[in-house]
Amino acid sequence: MVERGVCMTNNMNPSLGNIAMAHLTPEVIQTKFGDINGDGILETVLLIGTKTPDSPLWKNLTLGIFYGQTQKFEKVILKQNIGYNPTIFLGDFTGNHQDDILAISDTGGSGGIINGEIFASINGQVRSIFDTESFTNKYTVNYQDQYKVAVRSANPKKQYIIDLQYKGPEYLAEIYNQDGTLKQPIEGWVDPISGLYPVDYERDGIYEILAYQAIAGRYHADGLGYVENILKWNGNKFIVDRQTVSIYGEDLK
């Protein structure tokens with residue numbers, strides 16, 4: 001099965017040349033089973049990639065799909081096909097009683113940003129229906145007088161107020177005057193997606209997506225909380241069904 005889609009070697013005593021070539025040989029990272037096209041027969045879904053020598057980084061990340069009924073093998077290259085800790089998950093995200101494919105990998109950046117993409121078989125063709133790079137939602141993060149931060153979202157049009165007093169007097173003294181007014185305007189930001197989790201909220205066998213985006217203050221390590229978007233398939237694309245903001249709690253003495 002794998003031999004039809006990728007070139008593998010099982011030479012137990014490779015020459016030096018073969019050792020060099022082995023670093024370029026695709027490997028099966030993960031295997032899942034599910035009914036991708038709705039014919040009632042399980043497909044074998046492989047996550048394939050090329051391991052970087054002396055590094056946990058994977059390149060050329062690709063889906064390999066072996067169809068149970070037709071015995072055909074198909075390869076689909078991920079849009080962001082390089083990353084760390086790549087994984088796949090199979091589940092019904094579109095409500096058509098077929099397994100869709102969620103592929104995730106870490107970018108390795110300081111913000112914990114991930115690459116995520118969902119594939120579905122539509123009219124017999126496997127195609128991408130969502131990816132984190134294309135998910136765009138505009139936010140503003142502005143510090144306000146009296147130890148508060150306003151986080152505003154464009155979709156949906158919401159505002160969230162975060163109380164900063166839990167940060168402690170030393171943090172606040174750097175930003176605020178004694179009367180609680182800002183010493184100068186400060187803007188934070190919201191990161192791209194750093195977490196993507198399939199959750200069946202309605203227990204109907206159809207998964208929604210819980211997407212986490214970190215809220216940063218003056219600098220990246222100055223975390224203020226997370227924007228949590230629940231994304232749901234509307235028959236054509238994923239839309240924001242619900243949105244909340246979660247904050248860090250204050251340690252009690």
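Biologist: Which residues line the largest cavity?

Modeller: In this predicted model, the structure holds one cavity of 30 Å³ or more, and the volume of the largest cavity is about 70 Å³. Strand E6 (100–106) and strand E7 (114–122) each supply at least two residues of its lining. The full lining consists of Leu61, Leu78, Lys79, Gln80, Ala103, Ile104, Ser105, Asn115, Gly116, Glu117 and Asp131.

Biologist: How many residues of the lining of the largest cavity are charged?

Modeller: Among the lining residues are Leu61, Ala103 and Ile104, and also Lys79, Glu117 and Asp131. With Gly counted among the polar residues, the lining divides into four nonpolar and four polar residues, and the number of charged ones is three.

Biologist: Which strands stand at the edges of the open sheet of seven strands?

Modeller: The strands of this sheet pair in the antiparallel sense, in the order E11-E10-E9-E12-E13-E14-E15. Neighbouring strands are turned by 25 degrees against each other on average, direction ignored. A strand at the edge has a single partner strand, so one side of it is left without a neighbour in the sheet, and this holds for E11 (158–163) and E15 (238–246).

Biologist: Which residue in E11 is the bridge partner of valine 151?

Modeller: Strands of a sheet pair through backbone hydrogen bonds, either parallel or antiparallel. Here strand E10, which covers residues 148–153, pairs with E11 in the antiparallel sense over six bridges. Within E11, the bridge partner of valine 151 is tyrosine 160.

Definitions and conventions: Residues are numbered from 1 along each chain as its sequence is written. This is a predicted model: local features need pLDDT of at least 70, side-chain atom pairs count only at pLDDT 80 or more; totals for chains, interfaces and linings use all residues. Side-chain values use heavy atoms; hydrogens and water are left out. Two strands pair if DSSP finds at least two bridges between them. Helices (H or I, at least four residues) and strands (E, at least two) are DSSP runs, numbered from the N terminus. Axes are lines fitted to C-alpha atoms, for helices over the stretch in contact, and angles run from 0 to 180 degrees between N-to-C directions. On a 1 Å grid over the protein atoms alone, a cavity is a set of points where a 1.4 Å probe fits but cannot get out, and a pocket is an open set with protein on both sides within 12 Å along at least five of seven lines; lining residues have an atom within 4 Å of a point. Grid points are joined across faces, edges and corners, and a volume is the space filled by probe spheres set on the points.
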